[in-house]
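Hi,

Here is the structure I promised to pass along. Have a look at it first, and then read on for what turned up when I went through it.

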Amino acid sequence: MFERFTKDARAVVQGAAGHAEEARAETVEPEHLLLALLDREDSRASFALAALGVGEHRDAVRRELRDARRRAGLSQSETEALAGLGIDVTEIVARVEEAHGVGAMSADDRKRGRRWSGHRSFSRGAKEILEKALRVAVARRDRHIGDEHLLLALALRPGVPAEVLADHGVTHASLSRVLDEGAGKSCA
């Protein structure tokens, strides 16, 4: 499958591994793929994100992903559902961090005192994104898998990245519209 990835898509995968290493996470997660997409410039995905107004909100998106990681990866909708059951996730996070330090509920290895460098495997969720990107490319009749297909796949898969993107007006439908409109335009 990776032979069908464009240079930009490969750069996203490498960037995601870099973000996982920086966070000292054991695996590359979908959130790392989104962070790597936010780093891109002059690509189809960066064009789509800029056209949808995310360009000036990149820091807010990064902050929201970091906040979700601090909540042990719970999305805002999951946090709200738990609140409906009387469970205050914000209070739980505050108490855990008070006792164990900021970010204690995140999956970062540095919080457990481990230092690990080397190959990071992809989590099941990240693998699903890569597989979904292939399906998106095939459905769009594209011959290669580009970073725009990774972005579309992230918007399709329920979870923190899709929720954060949707909060900023980036949905599968809006991405498809922008990418289809810009199909004849050069993004490089």
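Let me start with a pair in helix α4: R62 and D59 both sit in that helix, three residues apart, which is about one turn of the helix. Their side chains meet in a salt bridge, with an N to O distance of 3.6 Å. D59 counts as exposed, at 54% relative accessibility, while R62 is partly exposed, with a relative accessible area of 24%.

Before going further, please keep in mind that this is a predicted model. The average pLDDT of the protein chain is 85, and 84% of the residues score at least 70. Two stretches deserve caution. Over residues 109-116 the pLDDT stays under 50, and the model has 19 contacts beyond four places in sequence for them. Residues 184-188 also stay under 50, with five contacts beyond four places in sequence.

Now the overall layout. The protein chain has ten helices and two strands, and from the N terminus on the elements run α-β-α-α-α-α-α-β-α-α-α-α. Of its 188 residues, 43% are buried. Among the contacts with a separation of 6 or more, 68% are between residues 24 or more positions apart. The accessible surface comes to about 10100 Å², and carbon and sulfur atoms account for 50% of that.

Back to the charged pairs. How many salt bridges does a search of the whole structure find? There are eight. One of them, between E148 and R44, has its N and O atoms at 3.4 Å. This pair ties together distant parts of the chain, since E148 belongs to helix α8 and R44 to helix α3, 104 residues apart. Is E148 buried or exposed? With a relative accessible area of 10%, E148 falls under the 20% cut-off and is therefore buried.

Another salt bridge joins D142 and R140, with the closest N and O atoms 3.8 Å apart. Both ends are partly exposed: D142 has 28% relative accessibility, and R140 has a relative accessible area of 24%. There is also a network, in which salt bridges that share partners connect D39, D59 and R62. So the α4 pair I opened with, R62 and D59, belongs to that network.

Helix α3 has a further residue to look at, S46. At 8% relative accessibility, S46 counts as buried. What does the side chain of S46 reach? The partner is the backbone nitrogen of S43, at 2.8 Å. Leaving out residues up to four places away in sequence, S46 touches R40, E41, R58 and D147.

Next, helix α9, which covers residues 160-167. Why is α9 described as largely enclosed by the rest of the structure? Because six of its eight residues are buried. These are V160, P161, A162, E163, V164 and L165. Several other helices help to cover them, including α2 (30-39), α3 (44-51), α4 (58-70), α5 (76-84) and α8 (147-156). So α3, home of S46 and R44, is part of that cover, and so is α8, where E148 lies. Just after α9, G169 takes a positive phi of about 80 degrees, in case you want to check the backbone there.

Last, something on the outside. L85, I87 and I92 make up a nonpolar patch on the surface, with about 270 Å² of accessible area together. I87 is placed in the loop between α5 and α6, and I92 lies in helix α6, residues 89-100. Both are partly exposed, I87 at 33% relative accessibility and I92 with a relative accessible area of 38%. Apart from neighbours within four places in sequence, I87 is in contact with L82 and I92, so two members of the patch touch each other directly.

If you open the model, I would go to the charged pairs, then to α9, and finish at the patch.

Cheers

Conventions
Residues are numbered from 1 along each chain as its sequence is written. Side-chain values use heavy atoms; hydrogens and water are left out. Buried means under 20% relative accessible area, exposed over 50%, partly exposed in between (1.4 Å probe, protein chains only). Helices (H or I, at least four residues) and strands (E, at least two) are DSSP runs, numbered from the N terminus. Contact means heavy atoms within 4.5 Å. Patches are made of residues with over 30% relative accessible area and no salt bridge: like charges are joined within 9 Å, nonpolar side chains (Val, Leu, Ile, Met, Phe, Trp, Tyr) within 5 Å. Accessible areas come from the Shrake-Rupley method with a 1.4 Å probe; for residues, only the protein chains shown count as cover. A salt bridge is a side-chain nitrogen of Lys or Arg within 4 Å of a carboxyl oxygen of Asp or Glu. A polar contact is a pair of N or O atoms within 3.5 Å; within protein, one must be able to donate a hydrogen and the other to accept it, and residues adjacent in sequence count only if both atoms are side-chain atoms. pLDDT is the predictor's confidence in each residue, from 0 to 100.
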